[in-house]
Amino acid sequence: QVQLVESGGGLVQPGGSLRLSCAASGFTFSIYVMAWFRQAPGKQRELVATIASRGSTNYADSVKGRFTISRDNIKNTVYLQMNRLKPEDTAVYYCHRFGGEYWGQGTQVTVSS
């Protein structure tokens, strides 16, 4: 079955960096569009970034220039490098596979001094 397992979240000071990972299994990873979403307390889940099978990317305006999504089709893993983090980036971050409702369990990112 499809499994998505996120890791790499934590507490970081404003201006800091984190790298999230999402290990995928149970499907042919290389052919699917993958994405990162996030959900802050009291807010709707929002799209952060997407990456197509061949590597083309799209970003939410709020993270452009600070976050980078990438993928390794050998390791079946998608990454989110987050730089210059802001308190408003605080949320649970979820990995998502398009083509069905497949989500990871989420990883908490807290940006605070």
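Hi everyone, let me start with a contact I like: R97 lies over the face of F27, at 4.9 Å from the ring centre. Before going further, please keep in mind that this is a predicted model. There is a second arrangement of that kind to show you, with R45 over the face of W103, and here the distance to the ring centre is 4.5 Å.

Let's stay with W103, as it takes us to the aromatic residues. How many aromatic pairs are there? The count comes to five. Take F37 and W103: their ring centres are 4.9 Å apart and their planes stand at 70 degrees, so this pair is edge-to-face. F37 belongs to strand β4, residues 34-39, while W103 belongs to strand β10, residues 102-103, so the pair ties together parts that are 66 residues apart in sequence. W103 also pairs with Y94, and with ring centres 6.4 Å apart and planes at 90 degrees, that pair is edge-to-face too.

Are these rings buried or exposed? F37 has a relative accessibility of 13% and counts as buried. Y94 is buried as well, at 14%. W103, with a relative accessible area of 28%, is partly exposed. If you'd like to pick out the group on screen, select F37, Y94, F98 and W103, which form one aromatic cluster.

Now for the disulfide. The structure holds one, and it joins C22 to C95 with an S to S distance of 2.1 Å. Which parts of the chain does it link? C22 sits in strand β3 and C95 in strand β9, residues 91-97, and the two cysteines are 73 residues apart, so to speak at distant parts of the chain. The torsion about the S-S bond is about -80 degrees, so the disulfide is left-handed. Both C22 and C95 are buried.

Strand β3 brings us to the sheet. Here we have an open sheet of four strands, in the order β1-β3-β8-β7, paired antiparallel. Why do β1 and β7 each have a side without a neighbour in the sheet? β1, residues 3-7, and β7, residues 67-72, stand at the edges with a single partner strand each, so one side of each is left free of a neighbour. From one strand to the next, the twist averages 15 degrees. Looking closer at the β1 edge, five bridges join β1 to β3, residues 18-25, and these two run antiparallel. As a landmark there, V5 stands opposite A23 in β3.

Last stop, the core. In soluble globular proteins, nonpolar side chains tend to be buried together. In this model, the largest nonpolar core has 27 residues, and the members that touch the most others are W36, V78, L80, M82 and Y93. Which strands supply at least two residues of this core? They are β3, β4, β5 (46-51), β7, β8 (77-82), β9 and β11 (107-111). β3 gives the most, with four residues.

So if you take one element home, I'd suggest β3: it pairs with β1 through five bridges, C22 of the disulfide lies in it, and it gives the most residues to the largest nonpolar core. Thanks for listening, and I'm happy to go back to any view you'd like.

Note on methods. Residues numbered from 1 in each chain as written. Predicted model: local features only at pLDDT ≥ 70, side-chain atom pairs only at ≥ 80, totals over all residues. Heavy atoms only, no water. Pairing = 2+ DSSP bridges. Axes fitted to C-alpha atoms, helices over the stretch in contact; angles between N-to-C directions. Disulfide = S-S within 2.5 Å. Buried < 20%, exposed > 50% of the residue type's maximum accessible area, 1.4 Å probe, protein only. Phe/Tyr/Trp six-rings, centres within 6.5 Å; stacked < 30°, edge-to-face > 60°. Lys NZ or Arg CZ within 6 Å of the ring centre and 35° of its normal. Core = buried A, V, L, I, M, F, W, Y, C linked by side-chain atoms within 4.5 Å.
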